[in-house]
Amino acid sequence: MKQWIAEIATETTSGIKKSVEAFYLPTAEDVRKEISKRGAYAVSIRPYERSPMERLLAKSSWWQVQLLRGIQFRSTSTSPGVAFWRLIEAETNPTRQNILAPAREALSRGLGIIDAMKALNIFDRGTLAILAASERANKIAEGIPHAIQSITDKRKNMRSIAGTMGWLGFDVITIVQAMFWGKDMVIGWFNDNKPTEPEKLAEFENVVGNLSLTWDILILIAVGMGIFMVWAITSFYLNRGKKDWPTAKIVRSIPMIGAYMRDLGFADSMMTASRMIKGTVPMNEILELSADSASVPEVAKYWEESKDDLLRGIPLGSALDREPLTRNERLELATLSDLTQVATIMESIAEMRAQNAKTKHSLILWLAFGLTGVYLAIAFGSAIFALTVMNMSIDSALGGLTGGGF
């Protein structure tokens, strides 16, 4: 299903009138058939593309929460589907009307509230999994608070990831600036203080050439890191909602970053599964929805294999007791004797994973800080080494670089 914008020509007694309407149908040909049923003609049909402002608002967790709260508030006196329809009809903001148009079209065609929410293309898999599970249990109004809490938790995780990437980006920018600024000054000073003796001049050119090459390599590494980070951030933004793609595989292959993302993935999916258990969703559906909502392949594989074992008749505790869970987490699952304990144990695992992710986040920042120091030490240490090789005074070098201020 996809949203289309069609320009329609209709014959009237006063002549041909043109209008523009939105349709939510699988293909452009389906749109053309729908228009023909009305006795009109399709002048043009194009896929609808949201404006940057609409995309920003639609992906905003704040607006998603407000939308769910609006449905929950109206569901007290009517069904969730009707509540969603009334909310859409009551919307007067043109930008929000455009965002809600696919859901409006889906509801008008008799589809359910979950299909309408999927049509919006704004909620992630985990949120939709909670809502879908609640609908199957005929308790979607009770599932909305859990979905809101899931969105809030993911927002905190995204802020944590954004903070990590922001700090790493700051490190890279600082390094590149320092190297570009330092190279011209240091190499320039060396070139302004060439020795006059032929033997020393040959040694000078060799040392300065090696120093310049070293700094060129360091600058190339820093620029390469910067380009990789920009590419990774852009790729993650453009591929939001997908389960896996090449950039994500590359990022997960980085040891500390991969473990950090896996911990966040388990924390999120375990908490989502716990909320579905509290919503009395059948366990096999919980495992299926948890696998579908997971954004990290390792996490999705864990839930899929657990579901397969459960369907083969293996007890739930044994089905869940598998890698890549840690030894302590598996020990908790081994104590499982009652289904009522599952939600509590999953919440405990989610909390442990969230704490592990927080610890790894701090380690990544400190490691980045330490590598920055090592990088700059290599850069300026090589310049000091060049000075000592050529028996030049560091004091005179500093004085020359600062215009005689020392």
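This is a walk through the structure above, from its overall make-up to a few individual residues. Please keep in mind that the model is predicted.

Let's begin with the whole protein. Its 406 residues include 41% that are buried, and its secondary structure consists of 17 helices and 3 strands. If you look at contacts between residues at least 6 apart in sequence, 61% of them join residues at least 24 apart. The accessible surface comes to about 21900 Å², and carbon and sulfur atoms account for 58% of that area.

The strands are a good place to start with details. Glu21 sits in strand β2, which covers residues 15–25. Its relative accessible area is 29%, which means that Glu21 counts as partly exposed, since that class lies between the 20% and 50% limits. Setting aside residues up to four places away in sequence, Glu21 touches Trp4, Ile5, Ala6, Ile8 and Arg38. The C-alpha atom of Glu21 is 9.8 Å from that of Ile45, a residue 24 places away along the chain.

Strand β3, residues 41–47, holds Arg46. Arg46 is also partly exposed, with a relative accessibility of 47%. Two of the residues just met in the surroundings of Glu21 return here: Arg46 touches Trp4 and Ile5, again not counting residues up to four places away. The C-alpha atoms of Arg46 and Ala6 are separated by 6.5 Å, although these residues are 40 apart along the chain.

Now for the helices. Helix α5, residues 94–108, has a kink of about 50 degrees at Leu100, shortly before the proline Pro102. Both Leu100 and Pro102 belong to the buried residues of α5, together with Ile99, Ala101, Ala103, Glu105, Ala106 and Leu107. Just after this helix comes Gly110, with a positive phi of about 90 degrees.

A little further along, the loop between α6 (113–120) and α7 (125–136) contains Asn121. Asn121 is not a glycine, yet its phi is positive, about 60 degrees. With a relative accessibility of 53%, Asn121 counts as exposed, because the limit for that class is 50%.

Helix α11 gives a contrasting picture to the kinked α5. α11 runs over the 24 residues 255–278 and spans 35 Å from its first C-alpha to its last, close to the expected 34 Å. Since 20 of those 24 residues are buried, α11 is largely enclosed by the rest of the structure. After α11 comes Thr280, which has a positive phi near 60 degrees.

What about the interior? In soluble globular proteins, nonpolar side chains tend to be buried together. The largest nonpolar core here has 62 residues, and the members that touch the most others are Leu67, Leu68, Phe84, Met117, Phe123, Met270 and Trp303. Take Leu68 as an example: leaving out residues up to four places away, Leu68 touches Met117, Phe123, Leu131, Ile144, Ala147, Ile148 and Ile151. There is also a second, separate core of 22 residues, which includes Ile175, Trp189, Phe204 and Ala386.

Polar residues can be found in buried positions too. Ser290, in helix α12 (residues 283–293), is buried, with a relative accessible area of 1%. The side chain of Ser290 reaches the backbone oxygen of Ile286 at 2.8 Å. An α-helix has 3.6 residues a turn, so residues three or four places apart point the same way. Beyond its neighbours within four places in sequence, Ser290 is in contact with Ser269, Ala273, Met276 and Trp303. Trp303 has already appeared among the best-connected members of the largest core.

The last stop is the region around α15. The loop between α14 (316–320) and α15 (327–334) contains Pro324, and a cis peptide bond joins this proline to Glu323, with omega about 10 degrees. Helix α15 itself holds Glu329. Is Glu329 buried or exposed? Glu329 is buried, because its relative accessible area is 1%, under the 20% limit. A polar atom of the Glu329 side chain lies 2.9 Å from the backbone nitrogen of Thr326. Apart from neighbours within four places in sequence, Glu329 is in contact with Ile349, Met352 and Arg353.

Conventions. Residues numbered from 1 in each chain as written. Predicted model: local features only at pLDDT ≥ 70, side-chain atom pairs only at ≥ 80, totals over all residues. Heavy atoms only, no water. Helix = DSSP H or I, 4+ residues; strand = E, 2+ residues; numbered from the N terminus. Buried < 20%, exposed > 50% of the residue type's maximum accessible area, 1.4 Å probe, protein only. Contact = heavy atoms within 4.5 Å. Areas by Shrake-Rupley, 256 points an atom, 1.4 Å probe, with all protein chains shown as cover. Expected span 1.5 Å × (residues − 1). Bend = angle between axes of the 7 residues up to and from the residue. Core = buried A, V, L, I, M, F, W, Y, C linked by side-chain atoms within 4.5 Å. Polar contact = N/O pair within 3.5 Å; in protein donor to acceptor, adjacent residues only side chain to side chain.
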